[in-house]
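Trainee: I should like to understand how the terms used for an interface are justified.
Mentor: Let us take them one at a time, with the structure in view.

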There are 2 protein chains.
Amino acid sequence: MSAFSTSALSDLYATRAKTLASAQIWPEHEGDLISLAYGFAAPELFPTDDLLSATVEVLAEDAAEALNYGPTYPGLVQFVVDRLRAQGTPAEADNVLISYGSSQVLALLPQVFIDPGDVVIVEGPTFMGAVRHFALAGARLITVNVDDEGLDIDALETTLRDLAKRGQRPKFIYTIPTFHNPSGTLMPLERRCRLATLAKEYGVLVVEDDAYGDLYFENPPPPRLSALDHEGWVVQVGTFSKILAPGLRMGWACGNRDIIQRLASFKLEGSSGPFLTRMVERYCADGRLERHIADLRAAYRARRDLMLAAIAREWPPDVHVAKPEGGFFVWARLPQGLSATALLAEAEKHGVTFVPGTHFYADGQGDDAFRLSFSFVPPAHIADGIARIGAAFRTLG
Amino acid sequence: MSAFSTSALSDLYATRAKTLASAQIWPEHEGDLISLAYGFAAPELFPTDDLLSATVEVLAEDAAEALNYGPTYPGLVQFVVDRLRAQGTPAEADNVLISYGSSQVLALLPQVFIDPGDVVIVEGPTFMGAVRHFALAGARLITVNVDDEGLDIDALETTLRDLAKRGQRPKFIYTIPTFHNPSGTLMPLERRCRLATLAKEYGVLVVEDDAYGDLYFENPPPPRLSALDHEGWVVQVGTFSKILAPGLRMGWACGNRDIIQRLASFKLEGSSGPFLTRMVERYCADGRLERHIADLRAAYRARRDLMLAAIAREWPPDVHVAKPEGGFFVWARLPQGLSATALLAEAEKHGVTFVPGTHFYADGQGDDAFRLSFSFVPPAHIADGIARIGAAFRTLG
């Protein structure tokens, strides 16, 4: 179709489609580079045999329903509900929407909540894959920083109070309280309670991204924000991507029924597929998912330990690295005067890559920090990758 | 979460989300009713064994890519491209977007093209599942009727000319030229050529819904509209739902690259899943899909013939029923003075149901016609269902 003309066609676009948002870029093959960049799941841990068994079972027992038109399989909704209730979140079936990954919910939320100019509070650093959607919808982003215990609630309260004085009510606060991406931090219970109270007091929704909550390495995390709220001020966004397989694209939102209905109405393609929702439910049944999560905890914990041990051996002691108690990431803060962008340039010459902190802030901060992922790199490469960054430190030093 | 309050939460909704669109309703179990209503695929024809083999192959050979984050599998894009090219449509990879069913594309099109008040031309009758999305986006719908040869192109030309005189340029024309839903009609080549010419002349996009084009019973249909246009005025919407399985939710758009990029940017959840796109591609490979389509043609042709033979035996001769040359549907036009709604009420008393014509018009027409689907009903029930409608005719008589 190289002869396609676009001159007059382009007059037909709706206002919202006149400009084209940049497309997602997928990583190229990086040759011999050791990549500590991607927050992907460890492919060698995928439960492929059990997923195949689940497919066999669905196609043997339920093909007529699984392969025809139909709604999201109610059994998967119920599985998610039961799991949320076991974690303390008082969900019912109409509080849950099954989605194509949590990223779909994060993209739908601004459809439901954001008119251009509306305020959204985000963490600094944060997961920009979500924040990008808020910005595209025209949200005015205000960053509140994260410290070693997650979102700084004192700073949040000051921000909310200042906004209220000016008559401004933010639409929502986007937070990752449990094994934060990128900082790895865990918000303690006291902060969680204060956050839930502030949400109610200021009438602001909290969007709790719980992508990593199941992947704790020592102790289970404190109650989810969604378990501390009983009046609908928290929407939890969850996913099977970290605990099962990202490639299946299966996640959920849990929240106030009225919000869930609206998210569903903007989910234009309808249900998340009778086949896929049955396949995931069948996999999860009979305790398979919980046994798999236990295996993942052990495997990712071992990788974290490998990475922290190598850092202790190989890096200058004035690089601040907190021990993440779960999740996929180690966040490193540089001593005064060192630039993560400059370190990355040097590190790539040494054959290793990571993501500089500037990629995780909506407000331009972040050149004093960087993110390492221990989830996707083969364990045998972790020590070598960390040593190469150590060499880059010495070259810059 | 029964204690959830919605009073103050509801203040947070964006303007576009203040009112809630009604949700899709899925059919309830209908007891002993013979349903000729649903345009579902025949579940007993699903190629479950081959789908399972495809899953085995993907998980055995490609699990690391299929189950992790990643783009739509390029092999599936190429498969669709090759198939379109074999049908005469000069597609390249960047002309194709893989979607969660064609319904997703039909829902995304108004995002890209419709500002409130924009004109969209639709057929009467038509597939309201698509038109509903155009209306929700604020389109002003103008209906041009279908006759025994599909969209009435003379009437379309008159409509376009009248609109142009008033300075109004429609955004697109939504048409199902091949084995139309609900009328079963096939637009002949001469009309297709005129439609493509009119699109270019008036600068109006044509959205060609090709859901049924592969399911011909006698001869292959004339070239698709997308094969007659070389300047980007046609977007073809296609689906694996009728030729493979609706429950997989897999379809595509093919059109001008600039339009495809915009559709992709409004497909908020990103790719259509590394796993599902690989599974469908693997199923399609090695000629499996084409052999299956040949089987479907024979099976649906036999059902059509059963239905038409029963109609000839059981119904009054003044009911107008054209012989569909493909697809899923028989469209019946009633003699003067008979109401499809009244007939349906009587038919349900006789234990059979169908969809009255009023469900297929955006402008209130249709009580003089109704749609029968022969795709989903077990073949053994077709003659009985038709006979029950015949009894309803006699009761109304």
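**The interface of chain A and chain B**

Mentor: This is a predicted model. The area buried between chain A and chain B comes to about 7,600 Å², and carbon and sulfur atoms give 66% of that.

Trainee: Why is an area used to describe an interface?
Mentor: The size of an interface is often given as the accessible area lost when the parts come together.

Trainee: How many residues of chain A are in contact with chain B?
Mentor: 90 residues of chain A are in contact with 90 residues of chain B.

Trainee: What makes Arg169(B) and Asp11(A) a salt bridge?
Mentor: Their closest N and O atoms are 3.3 Å apart. The rule asks for a side-chain nitrogen of Lys or Arg within 4 Å of a carboxyl oxygen of Asp or Glu, so the pair qualifies. Across this interface the rule finds 2 salt bridges. It also finds 32 residue pairs in polar contact, both residues being at pLDDT 80 or more.

Trainee: Which helix of chain A gives the most to the side that touches chain B?
Mentor: Helix 1 does, with 9 residues. Helix 1 (48–66), helix 3 (101–113), helix 8 (257–266) and helix 9 (274–284) of chain A each supply at least two residues. By class, that side of chain A has 50 nonpolar, 25 polar and 15 charged residues.

Trainee: Why is the relation of chain A to chain B called a two-fold axis?
Mentor: A turn of 180 degrees and a shift of 0.0 Å along the axis lay chain A on chain B with an RMSD of 0.0 Å. That is therefore the relation of a two-fold axis. The same surface serves both copies, as 100% of the contact residues of chain A recur in chain B.

Terms used: Residues are numbered from 1 along each chain as its sequence is written. Chains are lettered from A and ligands numbered from 1 in the order in which they are written. This is a predicted model: local features need pLDDT of at least 70, side-chain atom pairs count only at pLDDT 80 or more; totals for chains, interfaces and linings use all residues. Side-chain values use heavy atoms; hydrogens and water are left out. Contact means heavy atoms within 4.5 Å. Buried area is the accessible area (1.4 Å probe) that two parts lose on being put together, summed over both. A polar contact is a pair of N or O atoms within 3.5 Å; within protein, one must be able to donate a hydrogen and the other to accept it, and residues adjacent in sequence count only if both atoms are side-chain atoms. Helices (H or I, at least four residues) and strands (E, at least two) are DSSP runs, numbered from the N terminus. Ala, Val, Leu, Ile, Met, Phe, Trp, Tyr, Cys and Pro count as nonpolar, Asp, Glu, Lys and Arg as charged, and the others, Gly among them, as polar. Copies are superposed by least squares on the C-alpha atoms of residues with pLDDT of at least 70 in both.
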